[in-house]
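Morning, everyone. I will take a few minutes on one model, so please have a look at the sequence and the structure first.

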Amino acid sequence: MRLVTPGDSAPASVNKYLLPHESQVITVRRHPAVLMLPVGLVLGGLILAAVLTNWVGAADRPMNWIWWGWLLLLGWFVWRVAEWSVDYFVITNQRMILTTGLITRKVGMMPLAKVTDMSFERSIMGRLLGYGSFVLESAGQDQALRTVDYLPYPEQLYLEVCEMIFPNKNASADD
């Protein structure tokens, strides 16, 4: 099963990193579970701000600082969501690409031919929510792309990538 149909195109933020002779096979955004900690902190901060406001009472100055602090936390959350929205994991017919960052763009890449070992890991939370991590190894010491966390459909992605790295040379044209 292909995660990207041949007519689809990569997002514009990723498409500029594809070579003219490359064709994308898989393009996925990281799983929304990457936002669990920021959501928890914002909700916890909201509850804390409400409790502190009730406890402080009518004193205006401390109450303002409490809510300004929570607004800063909310701003950080919005930033994290914006970063998540532009992070993509792309697998082309020749390489794997991970693009991250909203202002400072980071592009990690590994040619498929250089991958010597690949595995995926799933925590209990990952199994419940449907995400996992890829661990990639190559012959080189330093790798721009070693671990890719919070990938949706990890089993399906794993099988697709393994098929690309280790194609069935005995397959007929009907397969």
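Which residue has its charged end over the ring of Trp84? That is Arg29, and the charged end sits 5.2 Å from the centre of the ring. Keep in mind that this is a predicted model.

Arg29 belongs to the segment 24–29, which is strand β1, and that brings me to the sheet. The sheet is open, with 4 strands in the order β1-β2-β3-β4 and antiparallel pairing. In general, strands of a sheet pair through backbone hydrogen bonds. Here β1 and β4, residues 106–111, stand at the edges with a single partner strand each, so one side of each has no neighbour in the sheet. On average, neighbouring strands are turned by 15° against each other, direction ignored.

Now one pairing in detail. β1 pairs with β2, residues 88–92, over 5 bridges, in the antiparallel sense. Within it, Ile26 stands opposite Ile91 of β2. Helix α5, residues 154–165, packs on the sheet and touches β1, β2 and β3. The direction of α5 makes about 155° with that of β1.

Last, the aromatic rings. A search of the whole structure gives 4 aromatic pairs. Take Trp67 and Trp70: the ring centres are 6.0 Å apart and the planes are at 75°, so this pair is edge-to-face. Both residues are in helix α3, residues 60–86, and because they are 3 residues apart, about one helical turn separates them.

Are these two buried or exposed? Trp67 is partly exposed, at 29% relative accessibility, whereas Trp70 is buried, at 16%.

Conventions:
Residues numbered from 1 in each chain as written. Predicted model: local features only at pLDDT ≥ 70, side-chain atom pairs only at ≥ 80, totals over all residues. Heavy atoms only, no water. Pairing = 2+ DSSP bridges. Helix = DSSP H or I, 4+ residues; strand = E, 2+ residues; numbered from the N terminus. Axes fitted to C-alpha atoms, helices over the stretch in contact; angles between N-to-C directions. Contact = heavy atoms within 4.5 Å. Phe/Tyr/Trp six-rings, centres within 6.5 Å; stacked < 30°, edge-to-face > 60°. Buried < 20%, exposed > 50% of the residue type's maximum accessible area, 1.4 Å probe, protein only. Lys NZ or Arg CZ within 6 Å of the ring centre and 35° of its normal.
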